[in-house]
Amino acid sequence: MYSVVGVRFKKAGKIYYFDPLDLPVEKEQSVIVETARGIEYGQVVIGKKEVQESDVVLPLKKVIRIAGDSDARVVEENKLAAKDAFTTCLNKIRDHALKMKLVDVEFTFDRNKIIFYFTAEGRVDFRELVKDLAGIFRTRIELRQIGVRDEAKMLGGLGPCGRVLCCSSWLGDFEPVSIKMAKDQSLSLNPTKISGLCGRLMCCLKFEHDNYESVKEELPSVGKLVVTSLGDGKVVGLNADKRTVHVQLFEVGKVKELPLDDVVIK
């Protein structure tokens with residue numbers, strides 16, 4: 001067993017485990033930790049707990065110290081510097097006529113590296129761009145190509161539902177989403193209605209799918225003959241969210257939406 005704390009570096013970002021050593025680290029504190037890309041500043045979102053060896057990536061990185069006010073000021077200074085670096089990089093991309101879209105810029109806490117996130121339709125030869133940026137900033141430069149879902153997560157925005165994007169507000173990681181999930185939820189297969197700002201299938205199709213699957217096990221299949229309090233009929237539709245069944249009644253020739261408790265399969 002390993003004693004760990006869970007640390008997040010960005011809002012709605014992945015959670016990584018670190019060894020707290022003997023430090024009195026508590027949930028919601030900010031900490032300075034050692035990561036694969038250098039020294040970083042993060043927030044503890046999972047307090048001390050014991051986990052199995054299979055749940056951690058060894059060797060387990062360590063918490064260096066609990067962050068103070070001076071560390072928070074460094075983070076704010078890095079954010080301001082990142083805005084200037086963004087403008088500088090945009091100008092250099094324009095100078096080199098590169099077909100790429102700069103999305104975000106991030107300094108590591110110790111300024112050992114600057115990471116430039118971008119999107120592009122294909123591969124981009126940015127070697128000369130890296131040389132220019134390294135000459136300006138005098139530190140390690142990394143250009144990281146990301147996908148459209150990652151772009152939406154970084155930039156944020158409002159989804160078709162009118163709420164802040166799940167990926168930028170609370171969804172820590174992306175999971176595969178398929179068109180079958182939309183079919184199982186009886187949604188319109190019109191791409192404009194089931195796609196998010198990123199142009200991909202909406203993430204909510206995935207995390208709502210399990211609920212639909214469990215409810216549908218209780219609901220009769222479409223086409224089944226059933227008996228109801230209003231007479232015999234045939235199932236022509238389902239509403240898993242409301243746990244109701246759309247039944248075409250033979251006697252009156254109309255479709256009625258009935259609660260599950262009022263429907264018995266013949």
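Student: At roughly what angle do the axes of helix 1 and helix 2 cross?
Tutor: Keep in mind that this is a predicted model. Helix 1 covers residues 69-95 and helix 2 covers residues 127-137. Their axes come within 10 Å of each other, and the crossing angle is roughly 145°.

Student: And what is the handedness of that crossing?
Tutor: We're still on the pair whose axes come within 10 Å. For helix 1 and helix 2, the crossing is right-handed.

Student: How do the residues of the contact of helix 1 with helix 2 divide into nonpolar, polar and charged?
Tutor: Helix 1 brings Ala85, Thr88, Cys89, Lys92 and Ile93 to the contact. On the other side, helix 2 offers Leu129, Asp132, Leu133, Ile136 and Phe137. Sort the residues of this contact and you get seven nonpolar, one polar and two charged.

Student: Let's move to the sheets. Which strands stand at the edges of the open sheet of three strands?
Tutor: The order in this sheet is 6-7-8, with mixed pairing. An edge strand here has a single partner strand, so one side of it is left without a neighbour in the sheet. That fits strand 6 (101-107) and strand 8 (140-145).

Student: In what sense do strand 6 and strand 7 pair, and what stands opposite Asp104?
Tutor: Six bridges link strand 6 to strand 7 (residues 113-119), and the sense is antiparallel. Look along strand 7 for the residue facing Asp104, and you land on Tyr117.

Student: What about strand 7 and strand 8: which handedness does the crossover between them have?
Tutor: These two strands run parallel and are joined by six bridges, with Phe118 opposite Gln145 of strand 8. To get from strand 7 to strand 8, the chain passes through helix 2. That makes a β-α-β crossover, and its handedness is right-handed.

Student: Which helix lies across strand 6 and strand 7?
Tutor: Helix 2 lies across strand 7 and strand 8, at about 140° to strand 8. The one you want runs at about 60° to strand 6 and spans residues 148-155. That's helix 3.

Student: Now the open sheet of five strands: by how much are neighbouring strands turned against each other on average?
Tutor: This sheet has the order 2-1-4-3-5, with antiparallel pairing. Strand 2 and strand 5 (63-66) each have a single partner strand, so they stand at the edges with one side lacking a neighbour in the sheet. Ignoring direction, the average turn between neighbouring strands is 45°.

Student: Which strands of that sheet does helix 1 touch?
Tutor: Helix 1 packs on the sheet, and its direction makes about 125° with that of strand 4. Strand 4 (residues 38-51) pairs with strand 3 (residues 30-35) over six bridges in the antiparallel sense, and Val31 has Gly42 as its bridge partner. The strands touched by helix 1 are strand 3, strand 4 and strand 5.

Student: Which residue takes a positive phi in the hairpin of strand 1 and strand 2?
Tutor: Strand 1 (residues 2-8) and strand 2 (residues 15-18) run antiparallel and are joined by four bridges, with Gly6 partnered by Tyr17. The hairpin has six residues between the strands. The residue with a phi near 60° is Ala12.

Student: Last one: how far apart are the end C-alpha atoms over residues 61-146?
Tutor: UniProt, in an unreviewed entry, lists residues 61-146 as "domain: PSP1 C-terminal". In the model that stretch is 44% helix and 28% strand. Its end C-alpha atoms are apart by 25 Å.

Definitions and conventions: Residues numbered from 1 in each chain as written. Predicted model: local features only at pLDDT ≥ 70, side-chain atom pairs only at ≥ 80, totals over all residues. Heavy atoms only, no water. Axes fitted to C-alpha atoms, helices over the stretch in contact; angles between N-to-C directions. Left-handed = near helix turned anticlockwise from the far one by under 90°. Contact = heavy atoms within 4.5 Å. Nonpolar A, V, L, I, M, F, W, Y, C, P; charged D, E, K, R; others polar. Pairing = 2+ DSSP bridges. Right-handed = clockwise from strand over helix to strand, strands pointing away. UniProt positions renumbered as here; feature names shortened; annotations may be inferred.
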